[in-house]
Amino acid sequence: MKASALTTVMFIMQACYGVPSTDRCEFVLSGYVTDKVTGQPLEGIKLSSRNLDTNYDYITAETDSNGYFEILQWGNCRYGASFILKVNDADGNFMPFDTTVFSDSDLGALQIKLESNQ
């Protein structure tokens, strides 16, 4: 009796939530943000990223004193994933920047060069 009850519970959970996917894995979007003219690293630049294949909210990060950032994202390991990446300067000194990043070619060390509003 106990075994059949457990089987029923497992079946109901599978029907409601689906079978866990092993195709989902973590992607790291990382790199440096620098001034396009001077090449100097930019600290405090806000970055937001979202997987284009999902409706999840944006994940945000901020550059450190070396201009470095790192965002952990989720995507499909088997088929790859595409992410939208938006870059903003809270002080408005640099123009906003956005791009699409493809997991099979662009990940690793992204080099983002922001152009001044001056």
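This passage describes the two sheets, an aromatic pair and one loop proline of a predicted model.

Residues are numbered from 1 along each chain as its sequence is written. In this predicted model, local features need pLDDT of at least 70 and side-chain atom pairs count only at pLDDT 80 or more, while totals for chains, interfaces and linings use all residues, and side-chain values rest on heavy atoms, with hydrogens and water left out.

Strands are DSSP runs (E, at least two residues) numbered from the N terminus, and two strands are taken to pair if DSSP finds at least two bridges between them. Four strands, in the order β3-β2-β5-β6, form an open sheet with antiparallel pairing. Because β3 (59-62) and β6 (97-102) stand at the edges with a single partner strand each, one side of each is left without a neighbour in the sheet. From one strand to the next the twist averages 20°, where axes are lines fitted to C-alpha atoms and angles run from 0 to 180 degrees between N-to-C directions. Within this sheet, strand β2 (residues 45-51) pairs with β5 in the antiparallel sense over 7 bridges, and L47 stands opposite V87 in β5.

A further open sheet, of 3 strands, has the order β4-β1-β7 and mixed pairing. Its edges are formed by β4 (68-76) and β7 (110-114), each of which has a single partner strand, so one side of each lacks a neighbour in the sheet. The twist here averages 35° from one strand to the next. Strands β1 and β7 run parallel and are joined by 5 bridges, with T34 standing opposite K113 in β7.

Aromatic pairs were defined for rings of Phe, Tyr and Trp (its six-membered ring) whose centres lie within 6.5 Å, with planes under 30 degrees apart counted as stacked, over 60 as edge-to-face and the rest as tilted. By this rule the count comes to 2 aromatic pairs. One of them, formed by F27 and F83, is edge-to-face, at 5.7 Å centre to centre and with 65° between the planes. This pair links distant parts of the chain, since F27 lies in strand β1 (residues 24-35) and F83 in strand β5 (residues 82-89), 56 residues apart. With buried meaning under 20% relative accessible area, exposed over 50% and partly exposed in between (1.4 Å probe, protein chains only), F27 is buried at 11% and F83 is buried at 0%.

P96, by contrast, is exposed, with a relative accessible area of 64%, and is placed in the loop between β5 and β6. P96 and K86 are 10 residues apart in sequence and 7.5 Å apart in space, C-alpha to C-alpha. Neighbours within four places in sequence aside, P96 is in contact (heavy atoms within 4.5 Å) with V87 and N88.
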